[in-house]
Amino acid sequence: MEYSFHTENQKLNQWVRQMSLLCRPKEIVLIDGEVHQRKALEKEALSCGEITQLNPEKLPGCFLHRSAKDDVARTEHLTFICSKKKHDAGPTNNWMSPETAYARARKFLKGAMKDRTMYVIPFSMGPLGSPFSKIGVELTDSIYVVLNMQVMTRVGDAVLRQLGKDAEFTKCLHSKSQLDINKRLILHFPEDNTIWSVGSGYGGNVLLGKKCLSLRIASYLGRREGWLAEHMLLMGIEEPDGHIEYIAGAFPSACGKTNLAMLIPPAGLKRKGYRIWTVGDDISWMRIDSDGALWAINPESGFFGVAPGTNSKTNPNMVETIKKNTIYTNVLLKPDKTVWWEGADGEVPSQGIDWQGHLWKPGMKDAEGNVIKGAHPNSRFTTPIANCPCASFRLEQHHGVPVSAIIFGARRAHLAPLVYEAFNWQHGVFIAAAMASELTAAQVGKIGQVRRDPMAMLPFCGYNMADYFRHWLEMGKKMARPPRIFHVNWFRSDESGNFLWPGYGENLRVLEWVLDRCNKKKEALKTPIGFIPNLSDLDMTGLHLRSGALEKLLEIDNKAWLEELKSIKGFFKQFDKGLPAELWQEYEALEERLKAE
Ligand code: OXD
Ligand code: MN
C-alpha cells in the first residue's frame, strides 16, 4: 500500500510516510483540533468499548477508560535515554545505543497498526507562538491517546500553521501494539529529537508531550539552548492589593504537589485576603528574560492527576475541575454512572464495577486475603486546566510569569525541617542535587527507604545529571535577579509516627514566610544547613499545634545531618569526575559548619 500524507511541511510528510511503512496502518487521519472531529472520535471509542460514557447530567462530557492490568503506571525499567554515548545518559538513566534501540523497537512496531488508523496529532507545548513553546507531532493508533492529548496539549491545524514549511518538531511515535509488557519500550533519542513508545497505553508512557517531551527531551534542549525544563508546579499568590508573586516547586510523586498548586487559604489566614492562582501542577519551563529574572510557563493545558485521595478537604478546586470534560482512567464505576475512588467524597458505594471491570463490593478480598480496591491506587483523571476555579489568567501569556522563589520538597519523617532557605543560588543547587524522599506505596521499593531524587528529576532528566547540575549552576551565574531557593518538608513526624504539621491549605503559612524572605520583609535564623524562620515569624493564627511541635518541626540535629552527608557522598560519587566542583565545595562547607557547632 502507498501512503499519501500532505501538509506544507515536507519533513513531516516524509516522516509520516516512513513511519506508516513501518507500522502499516489501514489509514492515516490528521487531527485538526475541531470539535466535530473530536465528537466523532468519542463516538467511535464508545462503540468499540475503549471508553464508557459517564452520567451526562452529573458528569457532562466525561468518560471512563480501563487499562490493561499490568499497564497502570510509568515503567521506569523499560524507559531509556538513547544517546550515542552512554556517558551522555549518565549513571542514573537506563541507556541503549540508538542503533540497538531503533532495531529492537522496530521489531515490535513492524505492522503493529495493521487494521488500525494512525492518527497524526500536531501539538504545541506552551502557548502557540511563545518563545518558550515547542512543537511536537505524535503518531498513535490509540483514540484514547488522541482524546487525552487534546486535553493535555494545544492540538490541531493552528499548530501546523505555526510549523509552516520548515520548522523543527519533536517526532513522537506511539503504538499500543499488543499492550504486552514484554514488548514495551519507551525510548528517547535526544540527538534526533525523537521519541518512540510501544506496547503501553498508560498516560505517562504514551501522552508523549508530557514526561517524554516536556521533561526528558526538553531538559536536553534546555541545556543546549540555555533554559530549564523542570518537574515543578507553578502557582501565583495574590495579596489583597492585587500584587501576585509566583512560586515554582519540585516534589517527587506522592508529596501533594497537585494539592499545593491549587490550595485554599486556611481559615486563620482568611483575613489577609490571599488568592491562589494555579499555572501548572507538574511541569515548568523557565527562561531568563531581559530583566535578568527567571520567567516560567506551564507547557501543558491539562492536569493528569491521581484520583485516590482527591476530595473536598484535600483539594476542593480539583473536585470542581473534574466535574466536566474529564477522562477518568481505572476508577470505580458506580451504578448511576458516576465514579468513585478510595478517599473520594461521600459514602463508600455499596457496589460498583472496579477498575478491572469486575463487580465490586466494599471489603471484598482476593485469593490472598487482601482487600480489593475499587479504584487502582494510581488511577487518574485528565482534565482541562481551564476548568479549574483558580486557573491563572496568565496561562496563555507568551512571556509566562516571573518566579520569585523555587521550593524543593521531600517526604522525610525526620531530619529535614519544615522549611529552610539556601544561602545563595549555588548552595540552593547543592540542596536540590542532594534532595531525597522516603518511598511511599506509590513507588516500587521498601516503604520508608530514602531515595535520592535530585530536583525531583531522577526519572525525567534526559541527559547526564552531572551536566544537569552544571547547567543549573551556569543558569545562576547568568541571572541578575535569581529566585531564592528553599527546601520544605510537610511530613516531619513525632516518635509515634504522627505528622507534626497539618499540611494542605496550612502550607500557605510557610509560603507566606518564603515570599516575605524574597521581599526582604523578615529576618531569619542562620543554621548550618541554611536559614530557618524565627518562630514568631510564622503566622499561626487559628492553627493550634501541640506544644513543642513547631520547635520540633524546625529542629536541626547536627549528628543526623552528618550521617546524611555520608549518603549524599555515596550518591555524588557515582558521577565521578563529572560532578561540578562547586557541589563538593558546598558539601565540605556544610560538613564544616555542622562540625563547628
Ligand atoms: C506524574 C508523575 O504522573 O510524576 O506526574 O509520575
Ligand atoms: Mn509528575
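The dialogue below asks how labels given to this predicted model follow from its computed values.

Reader: Why is Gln150 called buried?
Author: Its relative accessible area is 17%. Buried means under 20%. Therefore Gln150 counts as buried.

Reader: Where does Gln150 lie, and which residues does Gln150 touch?
Author: Gln150 lies in helix α4, residues 143-152. Leaving out residues up to four places away in sequence, Gln150 touches Ile31, Gly33, Arg38 and Val155. Contact here means heavy atoms within 4.5 Å.

Reader: What makes Lys211, His231 and Asp282 donors of the manganese ion, ligand 2?
Author: Lys211 (NZ), His231 (NE2) and Asp282 (OD) lie 2.2 Å from the manganese ion. The cut-off for N, O and S atoms is 2.8 Å, so these atoms count as donors. Water is not among the atoms, so a site may look incomplete.

Reader: What spacing do the donors of the manganese ion follow along the chain?
Author: The spacing is K-x19-H-x50-D. His231 sits in the loop between β11 (228-230) and β12 (232-238). Asp282 sits in the loop between β14 (275-280) and β15 (284-288). The pair therefore ties together parts that are 51 residues apart in sequence.

Reader: Are His231 and Asp282 buried or exposed?
Author: Both His231 and Asp282 are buried.

Reader: Which residues surround ligand 1?
Author: Arg74, Lys211, His231, Asp282, Arg380 and Phe460 surround ligand 1. This shell divides into four charged residues, one polar and one nonpolar.

Reader: How do you know that Arg74, Lys211 and Asp282 make polar contacts with ligand 1?
Author: By distance. A polar side-chain atom of Arg74 is 2.9 Å from an oxygen atom of ligand 1. For an N or O atom in the side chain of Lys211, the distance to a ligand 1 oxygen is 2.9 Å. For a polar side-chain atom of Asp282, it is 3.2 Å. The limit for a pair of N or O atoms is 3.5 Å. On its own, ligand 1 has 210 Å² of accessible area, and the protein covers 87% of that.

Reader: Why is helix α10 called largely enclosed by the rest of the structure?
Author: Helix α10 spans residues 425-433, and eight of its nine residues are buried, so it is largely enclosed. Among the buried residues are Trp425, His427, Phe430 and Ile431.

Reader: What lies within 3.2 Å of the backbone nitrogen of Gln426 at the start of α10?
Author: A side-chain oxygen of Asn424. That distance is inside the 3.5 Å limit, so the pair fits a polar contact.

How values were computed. Residues numbered from 1 in each chain as written. Chains lettered and ligands numbered in written order. Predicted model: local features only at pLDDT ≥ 70, side-chain atom pairs only at ≥ 80, totals over all residues. Heavy atoms only, no water. Near = heavy atom within 4 Å. Polar contact = N/O pair within 3.5 Å; in protein donor to acceptor, adjacent residues only side chain to side chain. Areas by Shrake-Rupley, 256 points an atom, 1.4 Å probe, with all protein chains shown as cover. Nonpolar A, V, L, I, M, F, W, Y, C, P; charged D, E, K, R; others polar. Buried < 20%, exposed > 50% of the residue type's maximum accessible area, 1.4 Å probe, protein only. Helix = DSSP H or I, 4+ residues; strand = E, 2+ residues; numbered from the N terminus. Donors = N, O, S within 2.8 Å, 3.2 Å for Na, K, Ca; no water.
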